[in-house]
Amino acid sequence: MREEMVVGLSAPAPVGRWGAAPPQALLERMKDYGQEGAFALWDDLSPEDRELLVRDIESLDLSRIDRIIRRSLGSQGIPVPAVEPVPESSVSKVEDRSPEDKERWWKKGLKAISEGKLAVVLLAGGQGTRLGSSDPKGCFSKFIQPQSLNVIWSQKKKSIGLPSGKSLFQLQAERILCIQKLAAQCSESPSNTVPIHWYIMTSPFTDAATRKFFETRRYFGLEPDQVTFFQQGTLPCVSADGRFIMETPYRVAKAPDGNGGVYATLKSKMLMEDMSTRGVKYVDCYGVDNALVRVADPTFLGYFIEKGVSSAAKVVRKAYPQETVGVFVQRGRGGPLSVVEYSEMDAAMTTEINQSTGRLRYCWSNVCLHMFTLDFLNQVANSLEKDSVYHLAEKKIPSIHGYTMGLKLEQFIFDAFTYSPSTALFEVLREEEFAPVKNANGAAYDTPDSAKLMLLRLHSRWVVAAGGFLTHSVPLYMTGVEVSPLSSYAGENLEAICRGRTFHAPSEISF
């Protein structure tokens, strides 16, 4: 027995290159920020897991994260300026536009695009979890007939169901191709197509799949070098007192920093400098999950340039008072425009009526279709970083204790408007430009089926307006035709294709 004890003492378990204690300098830094609890289980870790923990913590910008946590927690409870309705003068309404206005803005926008002054930023970090898929939302498309019935069912669940089978990414890429062609035709050199550079923000969860999706589909006809992928940042998840939550004994729990993280990421990855080098002056920014999004819209761009503002947003009228959408407001009388989330609005605010118009006072819904000057993007990136105030979202966080309630730190794309010296709102019709794909089929709204029908109905109206006829085997309100973006961007130039011809719904029109 005595010999066994001696043998045991003479052969201690290996402790790895860090020894029995965490690296002293790193431990002291963590103590400075009150985060030394991340090493609480150090003694129980294998040498390999200790190495993983050290690398994980060393990858964090601790001083920046500490500033964000302190300022975000400290901002809670601070009074904010009272909100006012958006002044009528800040909104371009559909009914107020003349055909001459629209034609002028269209040509002005196409001219700027032909001169390489527009870049497009796509927010594509989200997964289709609520759609029943772990794929990036932009990959969502109609199923292609596979061999296995099980695969058929799986693909159907991930399908928006268009006759063409096109994904959201493909629809958007082809709209860019169409606008490039239209801009070239309106320029002094019709044979010289100037590419619109497409910056696509992914997340750690969607980056690899998104890149592969584009590569295997040859970028949907775009030049590979006109597409730049970049990952949004992540931040540690924290407890109510600001302590890191440990997902495992050797990894801090982290979450994406919100779609507003695009500003810091564009800055840190020097993509704003890249835009400037390319001659970009204006940036179109939008979310991926809108089947009707008019990417690089010349009319919106022309209006934006003519107004001479720093920022602009397309808006739709709220469908009904209880619709769960954020709305634009004015922060204090004469203050900047910003967005108030539906959860921040009380019942009286959501139902308040403008007596002069008979409409809701707070009616301009934010639908994540924005335009910025590049100069303003640089300014807002610096201002947001300086202030370092993030929204706190209470969520269930995976941790070493199972799922625990904690805080995710996020910025939102609309946070920029608070910093803008001038913002213009541009009303668009919901049935023409806003068909969100957020919930699985069977939900009450914003499903693949609802988005599909909105697109088919819109395109059917285009065909009829261009002199075409439709036949259908089911009621027309349940179906329609799909016009390829390569044939028409917004219903233009369809007469030669459609006049006098009959199309059977559902089908795709592509020439």
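This passage walks through the domain layout, the helix packing and several individual residues of a predicted model.

The domain assignment of the protein chain lists three entries: domain 1 covers 24-74, domain 2 combines 81-142 with 156-446, and domain 3 covers 459-510. Between the C-alpha centres of domain 1 and domain 3 there is a separation of 59 Å.

A convenient place to start is helix 5, residues 99-114, which packs against helix 11, residues 298-307. The two axes lie 6 Å apart, and the packing angle is about 90 degrees. Helix 5 is therefore roughly perpendicular to helix 11. On the side of helix 5, the contact is made by Lys102, Arg104, Trp105, Trp106, Lys108, Gly109, Leu110, Ala112 and Ile113. Helix 11 contributes Pro298, Thr299, Leu301, Gly302, Tyr303, Ile305 and Glu306. Sorted by class, the residues of this contact comprise 9 nonpolar, 3 polar and 4 charged.

Helix 5 also meets helix 7, and here the axes come within 8 Å and cross at roughly 95 degrees. An angle from 65 to 115 degrees counts as roughly perpendicular, and helix 5 and helix 7 are therefore roughly perpendicular to each other. Trp106, Leu110, Ile113 and Ser114 of helix 5 make this contact with Ile179, Leu182 and Ala183 of helix 7. The class breakdown of the contact of helix 5 with helix 7 is 6 nonpolar residues, 1 polar and no charged ones. Readers following the structure may like to find Trp106, Leu110 and Ile113, which take part in the contact with helix 11 and also in the contact with helix 7.

Helix 11 itself is mostly covered, with 7 of its 10 residues buried. The buried residues are Pro298, Thr299, Phe300, Leu301, Gly302, Tyr303 and Phe304. The N-terminal end of helix 11 is capped by Asp297, which places a side-chain oxygen 3.0 Å from the backbone nitrogen of Thr299. Ala296 belongs to the loop between strand 10 (282-287) and helix 11. Although Ala296 is not a glycine, its phi is positive, at about 55 degrees. Ala296 counts as buried because its relative accessibility is 0%, the limit for that class being under 20%. After helix 11 comes Gly308, with a positive phi near 70 degrees.

Two further backbone features deserve a look. Most residues other than glycine have a negative phi, and most peptide bonds are trans. Asn493, in the loop between strand 21 (481-483) and helix 16 (495-498), has a positive phi near 60 degrees. The peptide bond from Ala505 to Pro506 is cis, with omega near 0 degrees. Pro506 sits in the loop that runs between strand 22 (502-505) and strand 23 (507-509).

Helix 7, residues 168-185, also holds Leu171. With a relative accessibility of 2%, Leu171 counts as buried. Leu171 and Pro485 are separated by 314 residues in sequence, yet their C-alpha atoms are 6.8 Å apart in space. Beyond its neighbours within four places in sequence, Leu171 is in contact with Leu162, Lys166, Ala291, Leu455, Glu482 and Pro485.

Ser388 lies in the loop between helix 13 (374-387) and strand 17 (391-399). This residue counts as buried, at 1% relative accessibility. The side chain of Ser388 makes a polar contact of 3.0 Å with the side chain of Arg67. A polar atom of the Ser388 side chain also lies 2.6 Å from the backbone oxygen of Glu385. When residues up to four places away in sequence are not counted, Ser388 touches Arg67, Ile68, Arg71 and Ser72. These contacts join the two assigned domains, with domain 1 spanning 24-74 and domain 2 including 156-446.

A last stop is Cys368, in strand 16 (residues 364-373). Cys368 counts as buried at 15% relative accessibility. The C-alpha atoms of Cys368 and Ile413 are 7.7 Å apart in space, and the two residues are 45 apart in sequence. Leaving aside neighbours within four places in sequence, Cys368 is in contact with Leu123, Cys285, Tyr286, Gly287 and Ile413.

Key
Residues numbered from 1 in each chain as written. Predicted model: local features only at pLDDT ≥ 70, side-chain atom pairs only at ≥ 80, totals over all residues. Heavy atoms only, no water. Axes fitted to C-alpha atoms, helices over the stretch in contact; angles between N-to-C directions. Helix = DSSP H or I, 4+ residues; strand = E, 2+ residues; numbered from the N terminus. Parallel < 35°, antiparallel > 145°, perpendicular 65-115°, else oblique. Contact = heavy atoms within 4.5 Å. Nonpolar A, V, L, I, M, F, W, Y, C, P; charged D, E, K, R; others polar. Buried < 20%, exposed > 50% of the residue type's maximum accessible area, 1.4 Å probe, protein only. Polar contact = N/O pair within 3.5 Å; in protein donor to acceptor, adjacent residues only side chain to side chain. Domains from an automatic or database assignment.
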